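Colleague: I'm new to this one, so could you walk me slowly through a single part of it? I'd like a close look at the place where protein and DNA meet.

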2 protein chains.
Amino acid sequence: MEPVTSSARGQQPGDVIKGDLRDLRVQLGMLNRHVGARLGLREVDLDCLDLVSRHGPLSPGALARQAGLHPATMTGILDRLERGGWLVRERDPADRRSVVLRVPPDRGREIAGLFTAANAAMDELFAGCTEDELQVIAGFLHRAVEAVRTAATGL
Amino acid sequence: MEPVTSSARGQQPGDVIKGDLRDLRVQLGMLNRHVGARLGLREVDLDCLDLVSRHGPLSPGALARQAGLHPATMTGILDRLERGGWLVRERDPADRRSVVLRVPPDRGREIAGLFTAANAAMDELFAGCTEDELQVIAGFLHRAVEAVRTAATGL
DNA sequence: CTCATATAATACGAGTATCGTAATATCTCC
DNA sequence: GGAGATATTACGATACTCGTATTATATGAG
């Protein structure tokens, strides 16, 4: 099996990092597709589910903005997710036009279970790092998220 | 504007990193969708184009395996990309069943231009890091790609 | 208080993508 | 030379995405 991620001959260390970030995106997408296949869901569905479970209860509109999707598309995604019981729609008592999305805790754990292998591999990676290194990585990633966000919304 | 990426109250530093990786994936996806919208392409199309341009000339089958897509799906994607002139199909002289995919250099630059803002933001991030820190980050990302790859194929 | 306007979510239809299967062309090995 | 394997693509059924219109509720002006 040949090494699939070349990204080797890039001169600048920054270029290597950029390439690895893109590869990581593709790989995480594949992981999502495989997990989704087990669950009868698609990549974008899992993304939305992940956003809801990590970034707290959200409205469909807010979720659509965060994911960069059309509100009507979000309706279809939520229909799929709700049909499978992965997520529930509740009326917001404060604004009855609005809806809040919530992931039942047991369902969340069920999904997390399929990511166990990936999580374990990551934890092993972390175990080989010093506290300072983890700090550097976390700081970088956090700022990278913001940088990409502003670049994306700037279009 | 409230901070959208919370990922703050996670206790373990590893959990923070995992959360940021997921957020980064979503944001890179949004960036891809926005850039794609300018070009009349979709997210997955740009992913494939990126894989071809960075991981050298590839066959459709190999590309489908790397991206985790059905070969027939890849045909549709390649049809779109070729119709727009983003990519050419050439017969492999060694194996005439096979096809090699190639991105015309000028088209590659055209696409890269739309990522200029994101690249600049990234470069600015790199400028604020020491050489050692970049080394740590690059090393981590590279191993993370491999970890996720094996976890994904393990399903 | 009433009405006009704005906002949130969804229904609906047109266009399009995805994927399983089958077909075609070529290679490899005996 | 022929049988089986492999790479790619054609085709059709199914399902998704997105623009627009619709319903329900909130907000502000008169």
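Modeller: Sure, let's begin with α4(B), which gives the largest share of the surface near DNA strand C, 4 residues. Keep in mind that this is a predicted model. Chain A takes part too: α3 (60–67) and α4 (71–83) of chain A, along with α4 (71–83) of chain B, each bring at least two residues to that surface. There are 21 residues around DNA strand C, and the nearest are A:Pro60, A:Gly61, A:Arg89, B:His70 and B:Thr73. On the DNA side, 71% of the strand C atoms that come within 4 Å of the protein belong to sugar and phosphate. The bases get a contact as well, since the side chain of A:Arg97 has an N or O atom 2.9 Å from a base oxygen of DNA strand C. Over on chain B, a polar side-chain atom of B:Arg80 sits 3.2 Å from a sugar or linking oxygen of that strand. By class, the surface near DNA strand C has 8 nonpolar, 6 polar and 7 charged residues.

Now for DNA strand D. Here the surface draws at least two residues each from α4 of chain A and from α3 (60–67) and α4 of chain B. Of the 19 residues around DNA strand D, the nearest are A:His70, A:Thr73, B:Pro60, B:Gly61 and B:Arg97. Two of these reach phosphate oxygens of DNA strand D: A:Thr73 with a polar side-chain atom at 2.5 Å, and B:Gly61 with a polar backbone atom at 2.7 Å. As for B:Arg97, an N or O atom of its side chain is 2.8 Å from a base oxygen of DNA strand D.

How values were computed. Residues are numbered from 1 along each chain as its sequence is written. Chains are lettered from A and ligands numbered from 1 in the order in which they are written. This is a predicted model: local features need pLDDT of at least 70, side-chain atom pairs count only at pLDDT 80 or more; totals for chains, interfaces and linings use all residues. Side-chain values use heavy atoms; hydrogens and water are left out. A residue is near a molecule or strand if one of its heavy atoms lies within 4 Å of it. A polar contact is a pair of N or O atoms within 3.5 Å; within protein, one must be able to donate a hydrogen and the other to accept it, and residues adjacent in sequence count only if both atoms are side-chain atoms. Ala, Val, Leu, Ile, Met, Phe, Trp, Tyr, Cys and Pro count as nonpolar, Asp, Glu, Lys and Arg as charged, and the others, Gly among them, as polar.
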